[in-house]
Amino acid sequence: MNSGIPAKILVVDDEPRNVKILQIQLQSRGYTVLTAGDGAEALEIISGEIPDLILLDINMPKVDGFEVVTRVRADKKTEFIPIIMITALRDTHENRIKAVETGADDFIEKPFDSFEVLARIKSLLRIKLYHDTLEQHNARLEAELQMARSVQEIIIPQNGLQELAGFQIASYSCPTLAVGGDFYDVWEIDENRIGILISDVMGHGASAALVTVFIKTVLTEHREHIKDNPSHLLQILNTRFNDIISSRLFMFATAFCAVLDLKNEKLICANAGHPSPFLQYNLQSECERITDGQTGNGLGIRRESVYENCYYRFDSSSRVFLYTDGAYEVRNSQNENFTIERLQGVIEMCKVESPNNLIEYVSDTITKFCDVHPYEDDLTLIAIQG
């Protein structure tokens, strides 16, 4: 229904005189009028030309008014059409209750009071216009969110397994909305070295997703120059974040950056307020929380923040597990958190060789824990091994 186009009203009554009276009254007010002599004819008209409002008699042969309302409400294309039931003095109170329960919006009684009829029609058409406008806005918003999701899918590696510079990298990312604030990227430094950055922007949805594009832009500009100094990259990100994002918006992000070097068997990393990743030297060893107690401020909190590099052994038997806080802050139906300790135990329990299988096992465990309780935060899991 468009506010600049006359509303289209379908009048359905098995008494031709009633149809004619309503048709004349409505056309004199500028409405376009469709007519039907019974419910079956009305449904046929609706299937080909959807009206903006229906005036519908209750008692008709073939298909009565109740059946018409039921079928209109059952169809996604017509479920929100306003329906005014035409009642006679002989109609019982029970019939009116049944009409409301079936989905009627209002009633008019024979003989018609033209002013009352027009007032009720005008009121319901105004509500219909509000609804249609909202639907159009929602459709545009959904299209824009899908476009934003497509952009985010381009800048974030796809879920699954990839091989890079001798490493196996498995990942799983699930935004709580169409788009989210979790971001990560992996890149090859040389034949035996990779860099990785994982970040979690405050909030959810489109605003957080736009900031991930900013992080990706800064990362792409500077990642080739960090070599063995991930703290330097965090320093650059924090400076740019403060200058461009935090100075205008109350937003910040956590981030963890690392360089993994198989040739020299080391992992160099720095942390900006991000949950501490887990490191295992082999499948049988315990999970060590790296950078625990050695994290700097999140990006955008203070321009003067300082980040330090931490060093760990990492060889072809090692694996590191990175995640965002959505992995341990998820809740079940009893309002219990999954917790970091539970996540650590799940990783240690899983002795599979493939990092992809590890990611699947952890994500399945989290999903089972949540049961039907929806995720309230974006979730990202990454496993890397040599």
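**Charges, spread and odd backbone spots**

Q: How far apart do the centres of the positive and negative side chains lie in this predicted model?
A: There are 36 positive side chains in the chain, alongside 57 negative ones. Take the centre of each set, and the gap between the two is 5 Å.

Q: Is the chain compact or spread out, going by its radius of gyration?
A: Start with the parts: nine helices and 16 strands make up the secondary structure. For 386 residues the globule rule gives 21 Å, but the radius of gyration is 31 Å, well over that, so the chain is more spread out than a compact globule. The C-alpha trace spans about 95 × 45 × 35 Å along its principal axes. So the verdict from the radius of gyration is: spread out.

Q: Which residues does the cis peptide bond join?
A: Look at the loop between β5 (106-109) and α5 (114-155), where P111 is found. The bond there has an omega of about -5°, and it joins K110 and P111.

Q: Is K62 buried or exposed?
A: K62 is in the loop between β3 (53-57) and α3 (65-74). Its phi is positive, about 65°, although K62 is not a glycine. Exposed means over 50% relative accessibility, and K62 has 75%, so it counts as exposed.

Q: And T291, buried or exposed?
A: T291 also isn't a glycine, yet its phi is positive, near 65°. Its place is the loop between β13 (288-289) and β14 (310-313). The cut-off for buried is under 20%; T291 has a relative accessible area of 1%, so it is buried.

Technical notes: Residues numbered from 1 in each chain as written. Predicted model: local features only at pLDDT ≥ 70, side-chain atom pairs only at ≥ 80, totals over all residues. Heavy atoms only, no water. Helix = DSSP H or I, 4+ residues; strand = E, 2+ residues; numbered from the N terminus. Rg over C-alpha atoms; globule rule 2.2 N^0.38 Å. Lys, Arg positive; Asp, Glu negative; His and termini not counted. Charge placed at Lys NZ, Arg CZ, Asp CG, Glu CD. Buried < 20%, exposed > 50% of the residue type's maximum accessible area, 1.4 Å probe, protein only.
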